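Q: Hi! I'm new to reading protein structures and would love some help. Could we go through one together?

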Amino acid sequence: MKRGYRQRAQKAGFTFFEIYMALIIFTLMALLVAAVVPMSARSVRYGNDYTQAATLAMHKVNQLQESGYTNINRNLNTLLVVDSNGTLPTAANNVNGDKTGAATFTDRDELDTYFVGGVSEPSGTITITPFTPSAQVVNSVTSYTIIQATIEVKWRDTRGRQQNYVTRTFISENPIL
């Protein structure tokens with residue numbers, strides 16, 4: 001009977017090799033988690049910044065579309081955009097009758113308050129140009145029935161890299177209701 005007891009006692013514990021292997025596996029898993037957590041945090045920050053930029057740009061798209069083609073000159077001022085001189089711009093009619101203009105909405109919309117967590121130098125611009133496929137020639141004068149508005153939001157991420165979000169919208173002279 002003593003003999004069976006000794007055999008069971010020898011098999012009851014872990015060997016040094018088993019403990020050593022368990023520690024190696026545990027250490028590798030801890031290192032893996034330690035490497036993944038900062039990357040996922042960075043991804044979440046980038047995703048938040050990108051979503052914020054997209055939201056700001058879409059807000060400007062909605063404002064432009066509500067303005068309409070004929071009111072674009074007057075409504076650039078109400079869109080709270082300013083040009084590089086700090087003055088309120090108007091879209092100019094050039095000799096072809098199209099509307100062209102560019103302005104920033106960085107300061108007026110206080111973009112620096114929307115981006116948090118290390119983001120720096122946010123800026124927003126609106127560029128209005130004629131949509132050339134919509135050109136119509138009447139009495140030798142070319143005019144355009146659609147304006148293309150490009151809205152761009154730029155920022156520097158926590159690593160100092162330039163990021164940007166760009167969207168475009170079209171504003172028709174004769175909107176379909």
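A: Gladly! Let's begin with a word we'll need: contact means heavy atoms within 4.5 Å. This is a predicted model. Of the contacts in the protein chain with a separation of 6 or more, 51% join residues 24 or more positions apart.

Q: Which elements make up the protein chain, and in what order do they run from the N terminus?
A: The protein chain holds three helices and seven strands. Starting at the N terminus, the order is α-α-α-β-β-β-β-β-β-β.

Q: What share of the residues is buried?
A: In the protein chain of 177 residues, 30% are buried. Its accessible surface is about 12000 Å², and carbon and sulfur atoms supply 58% of that.

Q: How do E4 and strand E5 pair?
A: E4 covers residues 135-138, and E5 covers residues 141-144. The two pair in the antiparallel sense, with four bridges. In their hairpin, two residues lie between the strands, and Asn139 has a positive phi near 55°.

Q: Now for a single residue: where is Gln136 placed, and what is its bridge partner in E5?
A: A general idea helps here: side chains in a regular strand alternate between the two faces of the sheet. Gln136 sits in strand E4, and its bridge partner in E5 is Ser143. Beyond its neighbours within four places in sequence, Gln136 contacts Val141, Thr142, Ser143 and Thr145.

Q: Why does Gln136 count as partly exposed?
A: The partly exposed class lies between under 20% (buried) and over 50% (exposed). Gln136 belongs there because its relative accessibility is 40%.

Methods
Residues are numbered from 1 along each chain as its sequence is written. This is a predicted model: local features need pLDDT of at least 70, side-chain atom pairs count only at pLDDT 80 or more; totals for chains, interfaces and linings use all residues. Side-chain values use heavy atoms; hydrogens and water are left out. Buried means under 20% relative accessible area, exposed over 50%, partly exposed in between (1.4 Å probe, protein chains only). Accessible areas come from the Shrake-Rupley method with a 1.4 Å probe; for residues, only the protein chains shown count as cover. Two strands pair if DSSP finds at least two bridges between them.
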